[in-house]
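Open the model in your viewer and keep the sequence panel in reach. The stops below say what to select and what is found there.

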Amino acid sequence: MNPFEQAQEQLQRAIAVQKISEQLVAQLAAPEREVKISIPLMMDNGTIKMFEGYRVQYSSLRGPYKGGIRYHPDTDINEVKALGFWMTMKCGVANIPMGGGKGGITVDPRTLSKKELERLSRGWVRGLYPILGPEHDVPAPDVNTTPEMMGWMADEYQKITDDKRNATFTGKPLDKGGSEGRSVATGLGGFYVFEALRTALKLPKSASVAVQGMGNVGGNAARVFHEHGHTILAMSDSKGGIYSKKGLDPETVEAYKKENRSLKGFPGTEEISNEKLLELSCDVLIPAALENQITKKNAKKIRARVVLELANGPTTTEADDILFERGVLVVPDILANSGGVVVSTYEWEQNLEKEHWSEKEVLGKLQKLLERESKNIWDRSQKLKTDLRRAAFVLALERLDVALTEKGSVTRTKK
Ligand code: NAD
């Protein structure tokens with residue numbers, strides 16, 4: 001199954017535990033709009049290379065399309081559609097006034113220079129600006145895209161459209177209209193969700209944690225868990241990971257990776273593959289890299305008590321069933337990693353209102369929201385006697401249904 005088929009299967013499984021209007025289910029079977037563009041890129045050596053870019057506008061039922069832009073060699077339209085669908089559910093779970101969307105470029109960014117990446121990012125905006133805008137579609141960073149790139153994109157959008165509100169892209173650098181707290185929001189939000197559910201999940205005050213992926217999300221999550229007294233047993237990047245029974249200090253690990261461009265040889269640790277990291281015996285396993293990491297092939301070998309999904313779509317539906325049977329609780333992505341889109345929405349609000357909120361205010365609001373929705377989803381899962389993923393879907397679907405009833409039908413943006 002490709003990620004989009006997986007996502008649709010999750011929808012079917014959720015509506016099997018609670019009935020949802022047929023009209024809504026029909027509408028969620030496909031995106032409202034999917035756009036593919038060709039981006040010509042002038043390489044540093046003067047030659048031209050073509051790249052494929054995408055924007056999927058999945059649902060605008062609850063507000064403007066919202067979702068990140070991914071740069072990855074494996075990115076394709078099915079992945080972007082799946083991610084757009086999950087964004088729709090995530091914004092429903094978080095109860096923020098946003099729909100769902102996602103974007104991407106099929107590219108290995110490591111093969112491009114900084115100047116080439118800037119031209120490519122600006123090219124994505126030139127190809128898609130007519131369908132973007134604060135009331136229409138508000139992109140953000142995702143895998144391999146950074147605040148700096150959001151700054152380039154925001155600048156390009158403003159140059160083309162003369163829209164000076166600076167509210168079309170979120171995840172911008174602080175000095176270019178970004179929000180306090182945005183860079184840590186997804187990882188920290190995952191921690192808030194963990195804290196809100198820790199007693200219900202029967203986890204100790206000081207837990208052992210393994211983290212796959214150490215980019216924006218995994219890196220921040222490892223740091224925050226460590227700061228709160230939890231033991232980080234393992235961390236990894238795309239090339240592999242390191243393990244220490246005594247625990248790792250994520251900041252030192254990050255600094256080592258920056259200097260050596262690899263985790264290999266980190267003093268006092270053993271090397272561990274990404275596959276073995278997932279199978280470590282620990283309290284909390286945090287997949288924070290890509291989709292389809294826990295599948296029917298390795299689900300029986302997962303020895304964590306809880307999987308906190310900070311990546312999007314790391315667990316397949318078959319693996320979900322195996323983990324559920326084995327008593328391994330999965331805190332689903334659409335709740336666990338929703339901190340990023342929540343603070344992105346705060347950024348959009350601040351830009352539109354010409355305000356700048358303090359970090360304390362931003363993170364205080366985020367924590368309150370995630371505590372509330374974690375509890376809602378836990379209660380719903382108990383009531384429906386189902387897993388947290390189905391419960392989270394049901395909650396989001398009910399909220400989408402309210403929007404559908406109010407609007408009467410699919411609402412497309414004017415553009
Ligand atoms: P990133 O580009 O900052 O980092 C990705 C990390 O994953 C890197 O450390 C990379 O080395 C590692 N990685 C890549 N392929 C891997 C593999 N096969 N095995 C192990 N590690 C691998 O990306 P990010 O923003 O941290 O996003 C990570 C995940 O979190 C994605 O699934 C993304 O969709 C999701 N997410 C991100 C945000 C956000 O705010 N950035 C919000 C919600 C969800």
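## Stop 1: Asn-144

Select Asn-144, which counts as partly exposed because its relative accessibility is 38%. The model is a predicted one. Asn-144 sits in the loop that links strand 5 (137-141) to helix 5 (147-161). Check its backbone: phi is positive, about 65°, although Asn-144 is not a glycine. Most residues other than glycine have a negative phi.

## Stop 2: the ligand

Now select the ligand and the 22 residues around it; those that come nearest are Arg-70, Asp-142, Asn-144, Thr-186 and Asn-312. Asn-144 from the previous stop is thus one of this group. Sorted by class, the shell holds 8 nonpolar, 10 polar and 4 charged residues.

Which atoms should be picked for distances? Three pairs are worth displaying:

- Thr-186: a polar atom of its side chain is 2.8 Å from an oxygen atom of the ligand.
- Asn-216: a polar backbone atom lies 2.9 Å from an oxygen atom of the ligand.
- Asn-274: an N or O atom of the side chain is 3.4 Å from a nitrogen atom of the ligand.

On its own the ligand has 840 Å² of accessible area, and the protein covers 86% of this.

## Stop 3: Asn-166 and Ala-185

Follow the chain to Asn-166, in the loop between helix 5 and helix 6 (185-197). What is the sign of phi at Asn-166? Phi is positive there, about 60°, although Asn-166 is not a glycine. Asn-166 counts as partly exposed because its relative accessible area is 23%, and the cut-off for buried is under 20%.

Go on to Ala-185 in helix 6. Is Ala-185 buried or exposed? Ala-185 is buried, since its relative accessible area is 0%. Add Leu-366 to the selection: 181 residues separate it from Ala-185 along the chain, yet the two C-alpha atoms are 8.2 Å apart.

## Stop 4: strand 6

Select residues 208-212, which form strand 6; 5 of its 5 residues are buried. In a regular strand the side chains alternate between the two faces of the sheet. Show the side chains here: Ser-208, Ala-210 and Gln-212 point one way, Val-209 and Val-211 point the other way, and all are buried.

Next, add strand 7 (residues 231-237), which pairs with strand 6 in the parallel sense over 4 bridges. In this pairing Ser-208 is opposite Thr-231. Bring in helix 7 (residues 216-227) as well: strand 6, helix 7 and strand 7 form a right-handed β-α-β unit. Strand 6 also pairs with strand 10, again in the parallel sense and over 4 bridges. There, Val-211 faces Ile-286 of strand 10.

## Stop 5: strands 10, 11 and 12

Keep strand 10 (residues 282-287) selected and add strand 11, its parallel partner over 3 bridges. Leu-285 stands opposite Val-307 of strand 11. How many residues of strand 11 are buried? Strand 11 covers residues 304-308, and 4 of its 5 residues are buried.

Add strand 12 (residues 329-331), which runs parallel to strand 11 and is joined to it by 3 bridges. Look for Val-306 opposite Leu-329 in strand 12. To finish, display helix 10 (residues 317-325): with strand 11 and strand 12 it makes a right-handed β-α-β unit.

Notes
Residues numbered from 1 in each chain as written. Predicted model: local features only at pLDDT ≥ 70, side-chain atom pairs only at ≥ 80, totals over all residues. Heavy atoms only, no water. Near = heavy atom within 4 Å. Polar contact = N/O pair within 3.5 Å; in protein donor to acceptor, adjacent residues only side chain to side chain. Areas by Shrake-Rupley, 256 points an atom, 1.4 Å probe, with all protein chains shown as cover. Nonpolar A, V, L, I, M, F, W, Y, C, P; charged D, E, K, R; others polar. Buried < 20%, exposed > 50% of the residue type's maximum accessible area, 1.4 Å probe, protein only. Helix = DSSP H or I, 4+ residues; strand = E, 2+ residues; numbered from the N terminus. Pairing = 2+ DSSP bridges. Right-handed = clockwise from strand over helix to strand, strands pointing away.
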